[in-house]
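Open the model in your viewer and keep the sequence panel visible. The tour goes stop by stop, with a selection at each.

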Amino acid sequence: MNELKKPLLALAAVFSFVFLAIFLYNRGLFLPRWIVWQEKEQDLHGGELSLHQRTLTWRKDNRILWQSPPGWYVSDAAVSDFDSDGNDEVLFLVWRKGNYGSSHPFWEEPDNDGFYQHLYIFEAAEETLERQWMSSALLPQIHAWQTDAGRMTVIDEYGETSVWIWQGFGVVRIA
């Protein structure tokens, strides 16, 4: 009987390890080590936009107006009138599964297994954030960034600096 228990215990240990690894992977715990997970608060339309433990939340008068959904791991966020329309936008860097999400080009196969970095831009309305633009997977990936007067200066994972602006319906590199 002991001879039968040893292989069963080994098999149970392997299944436990695999289950734990999958569980941790799905919670974003194997993302690149170079990511700097910011913690910050910013004013937004009389409320507070906070980034805490990889979750972006907008609160006003002790109510949650908007919160990043489960599966979106937000590494940084900024408030700026990025498209120069007189209204604030919230720009944030998100790590999530999938290159495109549910809307992908017909010529591309869906890819929902790996984690990818995305840039999302949401318009700050009176009491909600409305999607304005959501990138597909970023290559190269953004390591650090700064927004100022409709411009976004980016340092990628390789240390290269570039400057981006909003143009029409999307973000365009100008330098």
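In which strand does serine 50 lie? Select strand 2 (residues 47-52), and serine 50 is there; strands here are DSSP runs of E, at least two residues long, and are numbered from the N terminus. Before going further, note that this is a predicted model, in which local features need pLDDT of at least 70 and side-chain atom pairs count only at pLDDT 80 or more, while totals for chains, interfaces and linings use all residues. Residues are numbered from 1 along each chain as its sequence is written, and side-chain values use heavy atoms, with hydrogens and water left out.

**Stop 1: serine 50**

Serine 50 has a relative accessibility of 6% and therefore counts as buried. The classes are buried under 20% relative accessible area, exposed over 50%, and partly exposed in between, with a 1.4 Å probe and protein chains only. Next, show the side chain of arginine 59, which makes a polar contact of 3.4 Å with the side chain of serine 50. A polar contact is a pair of N or O atoms within 3.5 Å; within protein, one must be able to donate a hydrogen and the other to accept it, and residues adjacent in sequence count only if both atoms are side-chain atoms. With neighbours within four places in sequence set aside, the contacts of serine 50 are Lys40, Glu41, Thr55, Leu56, Thr57 and Arg59 (contact: heavy atoms within 4.5 Å).

**Stop 2: the sheet of strands 1 to 4**

Color strands 1, 2, 3 and 4: they form an open, antiparallel sheet in the order 1-2-3-4. Two strands count as paired if DSSP finds at least two bridges between them. Strand 1 and strand 4 are at the edges with a single partner strand each, so one side of each has no neighbour in the sheet. On average, neighbouring strands of this sheet are turned by 25 degrees against each other, direction ignored. The axes behind that angle are lines fitted to C-alpha atoms, and angles run from 0 to 180 degrees between N-to-C directions.

Zoom in on strands 3 and 4, which run antiparallel and are joined by four bridges. Arginine 59 stands opposite isoleucine 64 in strand 4.

**Stop 3: salt bridges**

Four salt bridges are counted, a salt bridge being a side-chain nitrogen of Lys or Arg within 4 Å of a carboxyl oxygen of Asp or Glu. Select aspartate 76 and lysine 40, whose closest N and O atoms are 2.7 Å apart in one of these bridges. Aspartate 76 sits in strand 5 (residues 73-80) and lysine 40 in strand 1 (residues 40-44), so this pair links distant parts of the chain, 36 residues apart. Aspartate 76 is buried at 10% relative accessible area, whereas lysine 40 is partly exposed at 24%.

Now select arginine 63 and glutamate 127, another salt bridge, with 2.9 Å between the closest N and O atoms. Arginine 63 belongs to strand 4 (residues 63-67), and glutamate 127 to the loop between strand 7 (115-124) and strand 8 (129-134), 64 residues apart. Arginine 63 is partly exposed at 38% relative accessibility, and glutamate 127 is partly exposed at 35%.

**Stop 4: the nonpolar cores**

Select Leu56, Trp66, Phe92 and Leu129, which touch the most other members of the largest nonpolar core, a set of 17 residues. Strand 2, strand 3 (55-60), strand 4, strand 5, strand 6 (89-97) and strand 7 each supply at least two residues of this core. A nonpolar core is a set of buried Ala, Val, Leu, Ile, Met, Phe, Trp, Tyr and Cys residues joined through side-chain atoms within 4.5 Å. Around leucine 129, not counting residues up to four places away in sequence, show Leu44, Trp58, Trp66, Val90, Phe122, Glu123 and Ala124, which leucine 129 touches. A second, separate core has 14 residues, including Trp133, Leu138, Trp145 and Met152.

**Stop 5: the sheet of strands 9 to 12**

Move to strands 9 to 12, an open sheet of four strands with antiparallel pairing in the order 9-10-11-12. Strand 9 (142-148) and strand 12 (171-173) are the edge strands, each paired on one side only. Within this sheet, five bridges join strand 10 (residues 151-156) to strand 11 (residues 161-166). Pick isoleucine 155, and its bridge partner in strand 11 is threonine 161.
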